[in-house]
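Visitor: I have a structure open and would like to talk through its rings and charges with you. Shall we take a look together?

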Amino acid sequence: MKISAKFKSFFNIFLLLFVLIAIFSTNIFANQDSNSENITTVSESIYLYLSSDELALLITYSSYEELVKMAQSLNIKVEDQSPIENIRKLLYEYFGFKEQVPQSSGQTIYIKSSDIVNITDDGKIIELRGNNFIILGSYIFKADRIIYYVDEEVFYGYGNVYFKSGSMVATCESLEYSIKKMNGTFKKIKLTVSGYIIYSELGYIAANEIFTTDFARVTMCNEVDPHYYLNVRKVLYSESI
């Protein structure tokens with residue numbers, strides 16, 4: 001039986017990956033530098049859903065790093081060590097917005113629903129049904145049903161749940177995220193990043209933006225039932241390390 005050179009090369013790469021995972025006690029660390037292609041994807045995804053007013057607020061209250069990413073995705077030249085006020089001004093001019101003075105406030109959250117919004121009489125619980133999404137900093141959350149507890153600053157997502165941060169994209173059965181603690185939990189998650197597809201019963205995003213899972217299945221096969229995969233004890237991923 002003849003084996004193609006392409007298949008041999010793929011097999012050797014897979015075997016090397018297996019050996020490295022075994023050496024490090026089946027712990028996988030994936031790290032990817034941010035690049036303009038990834039930045040463009042994130043920014044375009046956000047712009048598809050934001051109105052002009054929401055986009056103006058995003059420019060006004062985003063961090064320095066997020067404003068730089070936004071400018072780069074729009075091919076706006078930003079000088080090294082440029083003050084945040086200058087970057088905001090460039091973005092305001094690009095979109096034709098009037099400059100706004102940021103007011104002192106906590107973390108800004110953008111919530112949008114295309115269907116039904118239910119709010120309890122005391123205003124403490126907000127339920128969204130339909131094509132819902134939440135933008136929180138560099139995170140994008142989407143779900144058919146979102147329940148937000150105002151006092152606790154915690155929301156839950158159910159049905160066609162989607163999460164995106166940088167080049168990392170995840171779908172899951174349900175999610176819980178605490179705005180106050182800046183961490184979240186994803187149930188029955190499928191994570192796609194750096195060419196890897198990772199399946200796990202539970203995934204976690206921490207305040208330092210590091211994503212982890214316990215007892216995951218890792219593959220590079222796109223099939224619903226992968227032809228090959230590795231069972232690993234832990235997966236850790238961060239774009240900032």
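Visitor: Which ring does Lys142 lie over?

Guide: Happy to start there, and keep in mind that this is a predicted model. A lysine counts as sitting over a ring when its NZ is within 6 Å of the ring centre and within 35 degrees of the ring normal. Lys142 is placed at 5.8 Å from the ring centre, over the face of Tyr162.

Visitor: And how far is the charged end of Arg217 from the centre of the ring of Tyr229?

Guide: For arginine, the atom to check is CZ, again with a limit of 6 Å from the ring centre. The charged end of Arg217 sits over the ring of Tyr229, and its distance from the centre is 4.9 Å.

Visitor: How many aromatic pairs are there, and what kind of pair do Tyr139 and Tyr177 make?

Guide: The structure holds 12 aromatic pairs. In the pair of Tyr139 and Tyr177, the ring centres are 6.0 Å apart and the planes stand at 90°, so the pair is edge-to-face. It links distant parts of the chain, with Tyr139 in strand β5 and Tyr177 in strand β7, 38 residues apart. To recap, the count is 12 and the kind is edge-to-face.

Visitor: Are Tyr149 and Tyr156 buried or partly exposed?

Guide: These two also form an edge-to-face pair, 5.9 Å centre to centre. Buried would need under 20% relative accessible area. Tyr149 has 28% and Tyr156 has 24%, so both are partly exposed.

Notes. Residues are numbered from 1 along each chain as its sequence is written. This is a predicted model: local features need pLDDT of at least 70, side-chain atom pairs count only at pLDDT 80 or more; totals for chains, interfaces and linings use all residues. Side-chain values use heavy atoms; hydrogens and water are left out. Rings of Phe, Tyr and Trp (its six-membered ring) pair if their centres lie within 6.5 Å; planes under 30 degrees apart count as stacked, over 60 as edge-to-face and the rest as tilted. Helices (H or I, at least four residues) and strands (E, at least two) are DSSP runs, numbered from the N terminus. Buried means under 20% relative accessible area, exposed over 50%, partly exposed in between (1.4 Å probe, protein chains only).
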